[in-house]
Amino acid sequence: MTQTDRGEGGGADALSSPFTPGMRDNPAELGEYVDGIVGRPLPVVDGAPVGDPGPSPEQEFATEWRNAAYNCFSSGHKFCREVCPVMQVTRNESWTPTAFHANVVAMEKGDLSVEDVAADYVNCTQCGACELRCPNTLFTGDFYRFRTRTVDVVKAVRALAVDQGVHQEGWRTWNARTDERTHEPVLGDTPVSQEHVRDWSEGLDLPLGGETVLFVDCEAAFYRTSVPRAVAQILRLADYDFGLMGEQWCCGGPAAEMGYVDQAKRFARHNLDNWRSTGTKRVLVLDPHDYISFTEDYPRYFGDEYADIEVVLVVELFAQLIREGRLTPSVPVERTITYHDPCRLNKRKGIWKEPREILRAIPGLTFNDVDRVTQWSYCSGGGGGLPVEKPELTAAISERRLEKAAALEVDTLVSACPWSERPLSEAGAGQDIDVVDIHELLAQSLGVEVGGTTRGPSTGEGAA
Amino acid sequence: MNAGSDGRSIGYRYAEQHDPPDPVRVSDVAVTTFEHVFEVDPRLMERWVLQQQFPNWDSLRIMNSRHDHLDWMHRHFAHRVVVGSELLAEVEQEGRG
């Protein structure tokens, strides 16, 4: 706590006697105190001497991000370290949130170029643990309306790298293929395409367009098709009207996460225009990554143009429908489970009650829960493009997550994020733990024969 | 759209995210908006460090997470909760002794 003892007779020396500007009990002379402790940042554009090459792209970049970077660099709490999934498995100091901010400070001073550090920024799942656990967010972020922004800083540095022609090969190829096919290449060498984006709904006879549409992410649409099939059939069971998009493209979020911002914006524009063309006002989202795109990226891209679109997370909707009695899970599911809080729901959105509400409504389950705060340090490693560039890191993070589940002596790990379920399933095989999506589990308890696959079309196996 | 489990409305609408409840002054330098959300007087954030764009959900997320975290800390590390006035009385007692 700031000490406010000003010594005998008070005083007006703001360096030796910290004070709070604006307080009515400040000495009168401090009321007129001119803040001269910190110099203004040196101009990096105007006033450069003749012959000066001017600011580097990194320095121009740093003018936008210097406050966010110094917010971390000048505090140095480092509570972020032990909740960071990458740090937990690598102990690499260059891959910590602290380093990601310190690099920006060094770039501002001209000591680093983005080429020097771009590869370090691969090592982040953008789970948001560091920025939430940072005291500058958790204890003062809402007070000052100024919080730690590691995810934004990482995305911005990645975008700067792409802008400067510094590419990570895996990401460059991934986004080029996404651009070509309008969907992420989640099936590896098996191409995905626009013609097949609704194949998951085969036999369900779902309408197109309408006031409410269900948006299905690339992983669920092509790889874990059991998830959208479960969601669609549960919605139908509850008499909830919805359609599918006429021409759905990838949400663009992964491209934005990897630094390919122009591509992300093009994809976002396409989707918004498509919603407009069908009179859509409400978008149902089953994937937490899409939920981030639609509630954080799209508002930044479109501003007021986005005002009439409502984005609804399916897991919240299902909890509500259960509460209202429109869904009543009644088929017992005899499993011993624990729940994996998807990072983008728990840490980045504060959504953790509703999934537990759903699970507690399913009869037959033995639920060995782990609280949401403990799970700030859990992650599947499946986000932020990490599995594309560093699959071995994703596997190590998932392995660690499954060890936590195994210690609870469960037979099933339930998640609410299709992107987490592939790496978790692969790690779960070694622990003899099934990884099941919460929507699949709810559908089973509602007596729905879901269909679809949980491991892609080539090696597909039936879902619940 | 009806309320979620904690009484808040489910569903994100851009237009609802940028106007918190009217601020109520709680001290010379602070205001309150949502219940349990206290904010610095924004006039004090106009010079060196400007405030960030802060949608309502983010303020509420941080406030709720802080409470959850403090509960978690108490559950894990506090054997008992002591009222501050008790401690002060104890110190005063020791001073007299």
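The following exchange concerns a predicted model and the grounds for several descriptions of chain A.

Reader: Why is helix α22 of chain A said to be largely enclosed by the rest of the structure?

Author: A residue counts as buried if 20 or more other C-beta atoms lie within 10 Å of its own. Ten of the 14 residues of α22(A) are buried, so the helix is largely enclosed. Among these buried residues are A:Trp419, A:Arg422 and A:Leu424.

Reader: How do you know what span is expected of α22(A)?

Author: The expected span is 1.5 Å times one less than the number of residues. Helix α22(A), residues 418-431, has 14 residues, and its reach of 20 Å from first to last C-alpha is close to the 20 Å expected. The helix nevertheless has a kink of about 30 degrees, centred on A:Ser425. After α22(A) comes A:Asp432, with a positive phi near 60 degrees.

Reader: What makes domain 2 and domain 3 of chain A count as touching?

Author: Two residues are in contact if their C-beta atoms lie within 7 Å. By that criterion, 26 residues of domain 2 of chain A are in contact with 25 residues of domain 3 of chain A. On the domain 2 side, α13(A) gives the most, with six residues. By class, that side has 17 nonpolar, three polar and six charged residues.

Reader: What makes A:Phe318 notable in the largest nonpolar core?

Author: Of the 132 residues in this core, A:Phe318 is one of three that touch the most other members, with A:Ile234 and A:Val285. Helix α10 of chain A gives the most to the core, with eight residues. Leaving aside neighbours within four places in sequence, A:Phe318 is in contact with A:Ile234, A:Leu327, A:Ile358 and A:Leu442.

Conventions. Residues numbered from 1 in each chain as written. Chains lettered and ligands numbered in written order. Predicted model: local features only at pLDDT ≥ 70, side-chain atom pairs only at ≥ 80, totals over all residues. Core = buried A, V, L, I, M, F, W, Y, C linked by C-beta atoms within 7 Å. Buried ≥ 20, exposed ≤ 12 C-beta atoms within 10 Å, placed from the backbone. Helix = DSSP H or I, 4+ residues; strand = E, 2+ residues; numbered from the N terminus. Nonpolar A, V, L, I, M, F, W, Y, C, P; charged D, E, K, R; others polar. Bend = angle between axes of the 7 residues up to and from the residue.
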